[in-house]
Amino acid sequence: MTASTPASQRVTDLAARLEREAPTTECLRLAFGGERIDVRSNSHALLDHLRTYFAAFDGGDHARPADLVVRAHQMTPPELDLPYREWPREPGKRLGKEAFFDLDDGRAVLKIRTGMQFLVGPDLRVACGDCLANPNQVVNFIDFQYMAWLMNQGLALCHAAGVTRGGRGLGLAGLAGGGKSTLALHLISAGFCFTSNDRLLVGPRPTGQGHVMKGIPKHPRINPGTALANPDLVAILEPERRRALEPMPREALWSLEEKSDAEIDRLFGPGRVVLDAPLDAFLILAWSHRDPSPARFTRVDLATRPDLLDAVMKAPGPFYLPDSGPWPQGHAPPDAAFYLERMRGLPVWVAEGGVDFARGVDVAHEILDLSPPERAALQPPGS
């Protein structure tokens, strides 16, 4: 603590002060993959935005009490008088994104660029600042808290996408630029349902038989190369922008930092999101656009391929406070043994050689043992 932060100051005290200054009198009830979340705010406009954003992911089962309550205070960024320090990120990542400060009963996190602040503690999840100007940060905070809830139930956080069909699920991880989002969206075009785009929680079933995966309620953010490679996605691009991009070389397209939301329900129709699903296999994309050889797919043992395991594991960041053990104080490599234990018995495949999304779609069907007649039956109407 410092002189500007009295030893008696607590996250619960700061949260109570925010509630006095901007009472959260309105509530948005959500249900994600079996869990219930209430989002409370003093801003009707913010809750309307969140209701629209999460509509495709909301299971609609709002009757039971909430597992999590998230508060979002729309207000001038408050002065909390906390001596924040920058969150150490993994090597190669841009600094200056987040700062944090730990109090006796929780943590405060500051988004450095926007001034948004967040409080996390036991049964306490609070966002404050100009939420209406930064709604994506509120969406991300809700998702982070949902993710933390699942991690504290023993699931492993993976840097992966997830798709499902016919009661069977496939996780998709990838080395940098591997195209897991692109392949996932090609699979959705081929009749699969969306589970998650970039974060996937996995673990054994409580019964001990098989595995489960739980997705994060967030629309994929895709680049122009992904949009142009899939006819179902080109509507994301304005016609003029599409005409400008089409002549560009493939590598230049993939390197563009120009992301758009691929809204699953708008692009593929209703009922194409399943956040809670069985997990039957994992496919890791280690192929490369620069490799001229054909794509090849091989069954692997993750215990003997630490390079592939690195592509699966994901550190949670400053918003995660484990129920037991020390709180993370910056980026630390995830525990490989924990991931191997959570994924024990799960078939894992690797794609190497050159990138071939059409072949990837076929192999995904083969990995999940889907026959050609079953594939045809899964094609969405009008495809």
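These notebook entries record what I looked up in the structure, from the whole chain down to single residues.

**Entry 1: the chain as a whole**

I note at the outset that the model is predicted. I counted the secondary structure and found 12 helices and 20 strands in the protein chain. I then asked how the radius of gyration compares with that of a compact globule. For 383 residues the globule value would be near 21 Å, and the protein chain has 21 Å, so the two agree. Along the principal axes, the C-alpha atoms fill a box of roughly 65 × 50 × 45 Å.

I looked next at burial and surface. Of the 383 residues, 50% are buried. The exposed area of the protein chain is about 17100 Å², and carbon and sulfur atoms supply 52% of this area. For the contacts, I took those between residues at least 6 apart in sequence; 73% of these join residues at least 24 apart. I also located the charges: the chain has 42 positive and 47 negative ones, and their mean positions are 2 Å apart.

**Entry 2: helix α4**

How many of the residues of helix α4 are buried? I found that 10 of its 10 residues are, over the range 180-189. The buried set includes Lys180, Ser181 and Thr182 at one end of the list, and His186 and Ser189 further on. Leu183, Leu185, Leu187 and Ile188 are also among the buried residues of α4. After the helix comes Gly191, whose phi is positive, near 110°.

**Entry 3: Val312**

I placed Val312 in helix α9, which covers residues 306-312. Its relative accessible area is 0%, so Val312 is buried. Which residues does Val312 touch, not counting those up to four places away in sequence? I listed Leu157, Cys158, His159, Ala173, Phe282, Ile284 and Met343. I also took one long separation: Gln9 is 303 residues from Val312 along the chain, and their C-alpha atoms are separated by 39 Å.

**Entry 4: Arg305**

Arg305 lies in the loop between β19 (296-300) and α9. Is Arg305 buried or partly exposed? With 21% relative accessibility it counts as partly exposed, because the limit for buried is under 20%. The side chain of Arg305 makes a polar contact with the side chain of Asp307 at 2.9 Å. Leaving aside neighbours within four places in sequence, I found Arg305 in contact with Val300 and Glu352.

**Entry 5: Gln137**

I located Gln137 in helix α3, residues 135-151. Gln137 counts as buried because its relative accessibility is 14%. With which side chain does the side chain of Gln137 make a polar contact? The partner is Thr114, at 2.9 Å. Thr114 also appears in the contact list of Gln137, together with Lys111, Arg113, Met116 and Phe118, when neighbours within four places in sequence are left aside.

**Entry 6: His219**

His219 is in the loop between β14 and β15 (221-222). This histidine counts as buried, as its relative accessibility is 5%. I followed the side chain of His219 and found that it reaches the backbone nitrogen of Ile264 at 3.5 Å. Not counting residues up to four places away in sequence, His219 touches Asp261, Ala262, Glu263, Ile264 and Asp265, and also Tyr53, Ala56 and Phe57.

**Entry 7: Gln209**

The position of Gln209 is in the loop between β13 (200-204) and β14 (211-215). Gln209 has a relative accessible area of 59% and is therefore exposed. I compared sequence and space for Gln209 and Gly345: they are 136 residues apart in sequence, and 9.8 Å apart from C-alpha to C-alpha.

**Entry 8: two aspartates with positive phi**

I examined Asp81 and found phi near 55°, a positive value in a residue other than glycine. Asp81 is in the loop between β3 (68-74) and β4 (85-86). It counts as partly exposed, at 41% relative accessibility.

For Asp123, phi is also positive, near 55°, and this residue is likewise not glycine. Where is Asp123 placed? I found Asp123 in the loop between β7 (117-121) and β8 (124-129). Its relative accessible area is 70%, so Asp123 is exposed.

Conventions
Residues are numbered from 1 along each chain as its sequence is written. This is a predicted model: local features need pLDDT of at least 70, side-chain atom pairs count only at pLDDT 80 or more; totals for chains, interfaces and linings use all residues. Side-chain values use heavy atoms; hydrogens and water are left out. Helices (H or I, at least four residues) and strands (E, at least two) are DSSP runs, numbered from the N terminus. The radius of gyration is taken over C-alpha atoms; the globule rule is 2.2 Å times the number of residues to the power 0.38. Buried means under 20% relative accessible area, exposed over 50%, partly exposed in between (1.4 Å probe, protein chains only). Contact means heavy atoms within 4.5 Å. Accessible areas come from the Shrake-Rupley method with a 1.4 Å probe; for residues, only the protein chains shown count as cover. Lys and Arg count as positive and Asp and Glu as negative; His and the chain ends are not counted. The place of a charge is taken as NZ of Lys, CZ of Arg, CG of Asp or CD of Glu. A polar contact is a pair of N or O atoms within 3.5 Å; within protein, one must be able to donate a hydrogen and the other to accept it, and residues adjacent in sequence count only if both atoms are side-chain atoms.
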